[in-house]
Amino acid sequence: MQTQQTHTTIFLKDYQPSPYTVLTCTLEFIIDSTSTRVDNVMEIKRQNSEAKELRLDGEMMDLELLWVDDVLVEEGMYTKEEDAILLPLDRDTATIRVITRIYPDENTALEGLYRSGGIWCTQNEPEGFRRITYCIDRPDVMTRFTTKIIADKATCPILLSNGNLRGTATLDNGRHLAVWEDPIPKPSYLFALVAGDLGSIHDSYTTMSGKSVALAIYCDLGNEEKCRHAMRSLKKSMEWDELEYGREYDLEVYNIVAVDSFNMGAMENKGLNIFNSSYVLADEQSATDGDFMGIESVIAHEYFHNWTGNRITCRNWFELTLKEGLTVFRDQCFSADMNSELTQRIDDVRALRERQFVEDAGPTAHPIKPDHYMEINNFYTATVYEKGAEVIRMLHTLLGREGFRRAMERYFENFDGQAVGTEEFLWAMEQESPIDLTQFKRWYSQERTPVLQVSSTYDGSAEELRLKIIQKIPKNTQNCEQLPYAMPLKLALLAEDGSCYPLITSDVPLFHNDVMWIDQAVSEIIFSSIKTPPRLSLNRHFSAPVTIECDEVDYPFLMAYDSDGYVRYEASQRFALETLESMMDSAEADERFIESFGVILSDASLDPMFKAQLLELPTITALMQRQAVIDVAAINRATEKLKKIVALRYRSVLEDQINRLYAPDNCAIDGKSMGNRALKNRLLGFLMCLEEEGLGEMCKMHYDRSLSMSDRLGALDLLENYAPALAEGAFEDFYARHAHEQLLMNKYFAIRASSRRSGTLERVVELLNDPAFDLKVPNLVRALIGSFARNPIAFYSRSGEGYDFVADKIIELDTINPQIASGLAGAFKNYQKLSSEDKPAMKNALERIKNHPNLSNNVYEIVIKIL
């Protein structure tokens, strides 16, 4: 059994700057079919005069030769540990040369240099470079890299690395080489290499200063045309960053490579982004509308990292949100500008609540800047990314667009070329802030989601509204009290016609006419010149990542009249949540909700995408968050009942709108076409719950005749859940068409594993043996096993078989790819909220994982937190 002592915790308080740095790193890779030889020459400089020993990180490779200043270092002259070598070095400068041999084909963890299909590629964030060569592998050591790659020309005609191409040559024995030089210092986690036989498309971009940048996207041969949308997205990103932040690209080339086997979504390596192929490849016949939107967003995210992550990086991994939270905020703003600001904001908040609010409420909760970790890979989380972005957004709300840009310019000017922390970023923000940010910094160090409890009293004779806001701050995971936050809260007081009263108060700072600064545990605010009792419109545009508790909110009024689209959406969601919860307690559906739903359904003036969002019922996951003891079956029964009530009440309206929106030949990706499809599929979902034969036939027709993959997959999902007899033929057709297209098979496996019908686990187990499935490919694992783990109805089955299945797969995957295994372990995060009848089965599964020999830090850290 693995012992507790094996799993070491790393603490922020122990951070010290590196005693040595690397000025230059010159690498030579000789790629053979079975192994790769890496020759690494580093110019080392001592930064701490008292340092006498150099630590070079390294693991899972063969050390062949080592020199210090041209003197061969023999065994016994250094200490070799499992993950490093310790080398006596009492001098200010030295040249270290180390030759290692690595085995990319055996690297199933996909960290360092590995082989995906016939392509050699790297993933070095956070600590993969130490699996390539011995080095100082930490983000605060920024180095200029020069890279020579030698490989067989027939197997690897394309040789890529960071920076600018400085030369190529043909060698003997069918080999060739390429030399790349990156003039801009960067940490080792941003190093990248790609070698293989790849197709490509090429374009160029002229920067605002007139410099021409060569752009290229590389992919598997035959997929070149599917890269066009990604290229358009890249050029739009480059232009947007110039216009919005004045940031210009700084190299001669910008390359993107799409690979099938990749642990993350994408990686921002300087000048050579490596992407999960699902975030590059798309055409109108094979990709959904969501795929197109996702590609645009992720392409932008990785490009924006060039300044917020690469030019200015984080000094240690505790500071991860410095680059990720900021860059998520930037890509969200870009997507809002490219599409609809309102629907983008709703999508961002919905994702935050589905992922981050759940994380914040569970045993794996952590601040956006954690103070300890066992495995840093476990902190690439919704908290660090999405909640981190919301913290940045609050600063943007406070400073305003122009003030935030000035603060960002100050950040770039002062810290370009450095590895810094959140303190430096907040210093730049404070220079433009109208208010002291000391208390605001608690967002970086405290965890869980705060609650604002809001109440009001109206005095008609004085024409005043007294608003009381109480901050309810949950205890942290260590059961310790936490302090009140400082935050911007956008609100409006609405008159009978939906217009907004001017906010006149002297009790709290007020910015931009509608933003209050809340920083007290209890705030009492008096608003004057309020002629009639107002309706409360709270947390407009989701100005702070909090939960609002208020018994006075008039949901039907806000759904109909509020000028803030987010508040309209929030009102519809909260009204639906409360209606469903009352139905779970055996009450009848709230007639006011049914009527409000009908008003929205019949409103032809609404943007179709926004209308589809307003008509969405809360997910099972959203309802589970509000339960003290989880009862998935009760949630599902209430949800299906409410859908049927709506479908029966408004059947003719639903049918008329579906017929009007149905356009089987339209697979365009403009906003109107995507909105029409989203709305049509939302409405079809209500009708299909009636489970009538004729409706099933109509849904099957939508699958058969539509050219849009969004329509086809939407219909396939509805057939699986409501017309299984018709679904089998559709699945057979889909499989026959797409069995050799991995991106589409990801969707096939996900629909089957997400099924709410009985027998889902048995069907998933069968699919593990499908020729199209491969346990070593992360996308396929996420699609089949991950989708099952996120399927509340199947996973939380009273039999406990779902827990055992996922536990078995975690144990199996941990020996292949610990990062993917630990991601699956998060499925158990609701353990403490299970009933006394259900807990033992999940506990047994968790204990079995925890006690498995040689369990990775990745999985162990997650499981012990849950237990």
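Biologist: What makes strand 7 and strand 8 (residues 84-88) count as a pair?

Modeller: In this predicted model, strand 7 and strand 8 are joined antiparallel over 3 bridges, and since a pair needs at least two bridges, the two strands therefore qualify. One bridge can be followed residue by residue, with Lys-80 having Ile-85 of strand 8 as its bridge partner.

Biologist: Why are strand 4 (53-57) and strand 7 (79-81) called edge strands?

Modeller: The open sheet has 3 strands in the order 4-8-7, with antiparallel pairing. Strand 4 and strand 7 each pair on one side only, and that is what the name edge strand expresses. From one strand to the next, the twist of this sheet averages 20°.

Biologist: What makes strand 12 (residues 144-152) and strand 15 (residues 175-181) partners?

Modeller: The two strands run antiparallel and are joined by 7 bridges, which meets the requirement of at least two, so they are counted as paired. Within this pairing, Asp-152 is set opposite Arg-175 of strand 15. Strand 15 is also joined to strand 14 (residues 164-170), again antiparallel, by 6 bridges, and there Ala-169 is set opposite Leu-177. Strand 14 and strand 15 form a hairpin with 4 residues between the strands, where Asn-173 adopts a positive phi near 60°.

Biologist: How do you know which side chains of strand 30 (residues 522-528) belong to the buried face?

Modeller: The side chains alternate along the strand, with Ser-523, Ile-525 and Phe-527 directed to one face and buried, whereas Val-522, Glu-524, Ile-526 and Ser-528 are directed to the other face and are not buried. Strand 30 pairs antiparallel with strand 26 (residues 464-472) over 7 bridges, and Phe-527 is the bridge partner of Leu-465.

Biologist: Why is Lys-387 called buried?

Modeller: Its relative accessible area is 2%, and the word applies under 20%, so Lys-387 is classed as buried. This lysine is part of helix 5 (residues 382-415), and beyond its neighbours within four places in sequence it is in contact with several residues, including Leu-352, Asp-360, Trp-443 and Glu-447.

Biologist: Why does Arg-763 count as buried or exposed?

Modeller: With a relative accessibility of 18%, Arg-763 falls under the 20% cut-off and is therefore counted as buried. Arg-763 lies in helix 20 (residues 760-767), and, leaving aside neighbours within four places in sequence, its contacts are Glu-720, Arg-752, Ser-755, Arg-757 and Ser-758.

Biologist: How do you know that the span of helix 16 (residues 693-705) agrees with what it should be?

Modeller: With 1.5 Å a residue, the 13 residues of helix 16 should span 18 Å, and the end C-alpha atoms are 18 Å apart, so the expected value and the model agree. Among the buried residues of helix 16 are Leu-695, Met-698, Cys-699 and Tyr-703, and the buried residues of this helix pack against helix 14 (651-661), helix 15 (671-688), helix 17 (709-722) and helix 18 (724-738).

Biologist: What makes residues 1-5 a stretch to read with care?

Modeller: Over residues 1-5 the pLDDT stays under 50, and the model has 7 contacts for them beyond four places in sequence. Where pLDDT is low, the predicted coordinates should not be read in detail. For the chain, by contrast, pLDDT averages 97, and 99% of the residues score at least 70.

Technical notes: Residues are numbered from 1 along each chain as its sequence is written. This is a predicted model: local features need pLDDT of at least 70, side-chain atom pairs count only at pLDDT 80 or more; totals for chains, interfaces and linings use all residues. Side-chain values use heavy atoms; hydrogens and water are left out. The expected span of a helix is 1.5 Å times one less than its number of residues. Buried means under 20% relative accessible area, exposed over 50%, partly exposed in between (1.4 Å probe, protein chains only). Contact means heavy atoms within 4.5 Å. Axes are lines fitted to C-alpha atoms, for helices over the stretch in contact, and angles run from 0 to 180 degrees between N-to-C directions. pLDDT is the predictor's confidence in each residue, from 0 to 100.
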